[in-house]
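Student: I have a model open and would like to practise justifying the labels people attach to it. Could we go through some together?

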Amino acid sequence: MIPTTTTPAAAASDQINKDTNATKTTDNHGAGNLLAPDDSTSEKMVGEVTEFERRKIMAGNAKFHRLGWKRLTIVLIVQAIALGSLSIPAAFATLGMVAGVICSVGIGLIAIYTSYIVGQVKVTFPHVEHYPAAGGLMFGRVGYEVFGVMLTLQLIFLTASHCLTGTIAFQVLTESSVCGLVWGVVSAVVLLLLAVPPSFAEVAILGYIDFVSIILAIGITIIATGIQKAPASAPVEWSAWPKEDISFATAFIAICNIFFAYSFSISQFSFMDEMHTPGDYMKAIWTLGGIEIFIYTITGALIYSFVGVGVKSPAILSTSSTVAKVAFGVALPVIFISGSINTTVAGRYIHGRLYRDSVTRFVNTKKGWITWLVIISIFTWISFVVAESIPFFSDLIAITSSLLNSGFTLYIPAMMWFILLRQGKWYSKENLFWSITNGLIFVMGLILLVGGTYSSIKNISDEYAAGTVKGAFTCASMI
């Protein structure tokens, strides 16, 4: 059953109760005292609200509940579709065309299903504002804290990957001898500036530029690699099957790179919390999922078939110098807009937690803006440090995907179904199919967590030992 949305104007008193107490509601699944003040506290809080605070609460609530499903689609596209998609051709080169297509389509369908579960939890428990709150529903304070750490780390790694990509882009565009650390700092500054708007509805406006940017970058790369494809007398070496000498670590990193491209459920709670009609979320999920499966599969298959086993990651680096400059130039918006939204999600979680009982949480007072800017600044520079510590594209994506996204997209949604959504025994007639499905997804998540993390760490260690990558915090070029 989809809950009815209440507007601020229609129920001012109820909304003030809710917002001044920071949605600390709980249910019968064990969040305990972490999320629920008593009624007497609520009445006292409302009585203490000044007229200024009352107006700021009303304005803040209106500001943060403007998303419809179309805008949600755009925000999800901003968060989900970025240059990680151009790591997929290299994954196809490792796995082969058949396994690459199967993984691209299969992982995409699984991501759509697990996002459906996440959305159902939000619709069923409207007070769940983010993943940590869902962890609180399932496992009490421990779940809340563990999920909070995981969410923050995942968003740091995501922002770091965009900071790293921005560094690569500037090096390609300028061909200068400027220290790579300088371009990393420039990338971090741009990411910080774009993260200043705290509302996702405001980010949605930039989303249209973001989407055009990534489509143009992918299109230019596909066309350029197709044009420079070797003549028929020297056919490109590509295979329908995996490499003959493929190792466990190499195969897992390729799968993690594909899986990373579908990591859109991590921010779904936060995005849906701004929707005025949360029950419409599946329209956005199906639209995004369909677009992603199409773009990723076509991109991986075509560029791999045009370039062959030597395709680089990101694939833009497999084009000529001139084309790479053009592609990175049009890709700059998606690099930084998509990266900055991760900072916004993290900032909203941290800021909202620090000021859950205060009007400051709405970021529409002087104190709210100052603390907001401090939080996103600290977060961005931590991400910069991570980007410089793991300065190679595919491995950073792989370790992010396996260590953290395996939970947010696979085994945690599976647990949500068993703990929060399932009604009746798991082996009952109406539940058996879904129990098996979610059980398999849970196991897949654990396999990706263990196998992917091991593979990423081993590959990073091997590359450092072989001297095939630049060291951390150096001025060496990454191209």
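**Reasoning from value to label**

Tutor: Gladly! Keep in mind that this is a predicted model. Let's start with a bend: there is a kink of about 40 degrees in helix 9, centred on leucine 206.

Student: How do you know how the span of helix 9 compares with the expected one?

Tutor: Helix 9 covers residues 200–227, which is 28 residues. The expected span is 1.5 Å times one less than the number of residues, giving 40 Å here, and the helix reaches 39 Å from its first C-alpha to its last, close to that value.

Student: Next, serine 383 in helix 14. Why is serine 383 called buried?

Tutor: Buried means under 20% relative accessible area. Serine 383 has 0%, so it counts as buried. Leaving aside neighbours within four places in sequence, serine 383 is in contact with Ile156, Thr159 and Ala160.

Student: What makes the pair of phenylalanine 170 and tryptophan 183 stacked?

Tutor: Two values decide it. Ring centres must lie within 6.5 Å, and planes under 30 degrees apart count as stacked. This pair has 5.3 Å centre to centre and 25 degrees between the planes, so the stacked label follows. The pair links distant parts of the chain, with phenylalanine 170 in helix 7 and tryptophan 183 in helix 8, 13 residues apart.

Student: And why do phenylalanine 170 and tryptophan 183 count as buried?

Tutor: The cut-off is again 20%. Phenylalanine 170 has a relative accessible area of 14%, so it is buried. Tryptophan 183 is at 14% too, and therefore counts as buried.

Student: Why is the pair of tryptophan 426 and tyrosine 427 called edge-to-face?

Tutor: Planes over 60 degrees apart earn that name. Here the angle is 85 degrees, at 5.5 Å centre to centre, so the pair is edge-to-face.

Student: What makes tryptophan 426 partly exposed, and tyrosine 427 exposed?

Tutor: Exposed means over 50%, and partly exposed lies between 20% and 50%. Tryptophan 426 has 47%, so it is partly exposed. Tyrosine 427 has 51%, so it is exposed.

Student: Which residues do ring pairs link into a cluster?

Tutor: They are Tyr131, Phe139, Phe147, Phe269 and Phe408. A search of the whole structure finds 17 aromatic pairs.

Student: Finally, which residues touch the most other members of the largest nonpolar core?

Tutor: Ile258, Ile412 and Met416, out of 126 residues in that core. Helix 7 gives the most to this core, with 20 residues. Beyond four places in sequence, isoleucine 412 touches Tyr131, Met138, Phe147, Met150 and Gly407.

Note on methods
Residues numbered from 1 in each chain as written. Predicted model: local features only at pLDDT ≥ 70, side-chain atom pairs only at ≥ 80, totals over all residues. Heavy atoms only, no water. Core = buried A, V, L, I, M, F, W, Y, C linked by side-chain atoms within 4.5 Å. Buried < 20%, exposed > 50% of the residue type's maximum accessible area, 1.4 Å probe, protein only. Helix = DSSP H or I, 4+ residues; strand = E, 2+ residues; numbered from the N terminus. Contact = heavy atoms within 4.5 Å. Bend = angle between axes of the 7 residues up to and from the residue. Phe/Tyr/Trp six-rings, centres within 6.5 Å; stacked < 30°, edge-to-face > 60°.
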